[in-house]
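Reader: Please take a close look at the side-chain contacts in this model, with the distances and the exposure of the residues that make them. Where do the rings, the charged groups and the cysteines stand?

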Amino acid sequence: MHTLIRDRDITTPDFVFYSDRLIRLVVEHGLGNLPFTEKQVVTPTGSIYSGVDFCKKLCGVSIVRSGESMENALRACCKGIKIGKILIHRVGDNGQQLIYNKLPSDIAERHVLLMDPVLGTGNSANQAIQLLRSTGVPEDHIMFLNLISAPEGIHCVCKRFPDVKIVTSEIDAGLNQDYRVVPGLGEYGDRYFGTD
């Protein structure tokens, strides 16, 4: 699937289809890393089954606009989940500035799945994580979900926020001189939403 979505000649519907499949896998893996408690249920045969119950206080936060492509997979896995938004305007490598955020009022009590399909330099992710921290979300309650990551971005985020978990489907070679992930996916949001 990575080969397909990296192909510059793929059609938009195919890019969306295979991206959605990969996103679903990343979301499912992220959910599997959340805390749980043991739970017993009675099966239709009257037997007791010992399983697990996942944490109830959970929300998603997408980094607009590309992160919004990950919301449907999260909703498909977590019925009725609250999803917040953070918009960070990117200017060059380190000129990020927060433009907008709308987060659940009780976010400090929740585990947060932060979503952005590409982790490049890590600057936008760090700014989003800092915003979540400023609202009272514990660092170890934040999980960053993405499709591809540059090693530089992983190091940048983990150095500043060592208790944040990162779930990615592939680590690329690195960043080029324009701070783009290579081999990368190109402008993910434009490709996904058909505005390229």
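Author: A residue is called buried under 20% relative accessible area, exposed over 50%, and partly exposed in between. The model is a predicted one, and the contacts below are read from it.

The rings come first. The count of aromatic pairs is five. One of them joins Phe17 and Tyr18: the ring centres are 4.9 Å apart and the planes stand at 85 degrees, so this pair is edge-to-face. Tyr18 has 21% relative accessibility and therefore falls in the partly exposed class; Phe17, at 45%, is partly exposed as well.

A further edge-to-face pair is formed by Phe36 and Phe54, with 6.5 Å from centre to centre and 75 degrees between the planes. Here the contact links distant parts of the chain, since Phe36 is in strand E1 (residues 36–42) and Phe54 in strand E2 (residues 48–54), 18 residues apart. Phe54 is partly exposed, with 39% relative accessibility. Together with Val52, these two phenylalanines make a nonpolar surface patch of about 290 Å². Val52 also belongs to strand E2 and is partly exposed at 44%. Elsewhere, ring pairs connect Phe15, Tyr188, Tyr192 and Phe193 into a cluster.

The charged groups are next. Side chains of opposite charge can pair when their charged atoms come close. Twelve salt bridges are found in the whole structure. In one of them, Asp190 meets Arg65 with the closest N and O atoms 2.5 Å apart. Asp190 sits in helix H6 (residues 188–193), while Arg65 is in the loop between strand E3 (58–64) and helix H3 (71–77), so the bridge ties together parts that are 125 residues apart in sequence. Both ends are partly exposed: Asp190 at 25% and Arg65 at 31%.

The loop that holds Arg65 takes part in another bridge, between Lys85 and Glu68, at 2.9 Å from N to O. Lys85 lies in strand E4 (residues 82–89) and Glu68 in the loop between E3 and H3, which puts the partners 17 residues apart and links distant parts of the chain. Glu68 has a relative accessible area of 26% and is partly exposed.

Glu187 and Arg180 form a salt bridge too, with 2.2 Å between N and O. Glu187 is partly exposed at 38%, and Arg180 is partly exposed at 46%. Bridges that share partners also join Lys57, Asp106, Glu109 and Arg110 into one network.

The cysteines give a negative result: there are zero disulfides. Such a bond needs two cysteine sulfur atoms within 2.5 Å. For Cys78, the closest cysteine sulfur is that of Cys77, at 5.9 Å, too far for a bond. Cys158 is likewise too far from its closest cysteine sulfur, which belongs to Cys156 and is 9.5 Å away. Cys78 is buried at 15% relative accessibility, whereas Cys158 is partly exposed at 32%.

Cys156 and Cys158 bring us to helix H5, which spans residues 151–160 and has Gly153, Ile154 and Val157 buried. Seen down the helix axis, the buried residues of H5 fall within an arc of 100 degrees, so they line one face. The face turned away from that buried side carries His155 and Lys159, which are exposed.

Technical notes. Residues numbered from 1 in each chain as written. Predicted model: local features only at pLDDT ≥ 70, side-chain atom pairs only at ≥ 80, totals over all residues. Heavy atoms only, no water. Buried < 20%, exposed > 50% of the residue type's maximum accessible area, 1.4 Å probe, protein only. Phe/Tyr/Trp six-rings, centres within 6.5 Å; stacked < 30°, edge-to-face > 60°. Helix = DSSP H or I, 4+ residues; strand = E, 2+ residues; numbered from the N terminus. Patch = residues over 30% accessible without salt bridge, like charges linked within 9 Å, V, L, I, M, F, W, Y side chains within 5 Å. Areas by Shrake-Rupley, 256 points an atom, 1.4 Å probe, with all protein chains shown as cover. Salt bridge = Lys/Arg side-chain N within 4 Å of Asp/Glu carboxyl O. Arc of directions from axis to C-beta.
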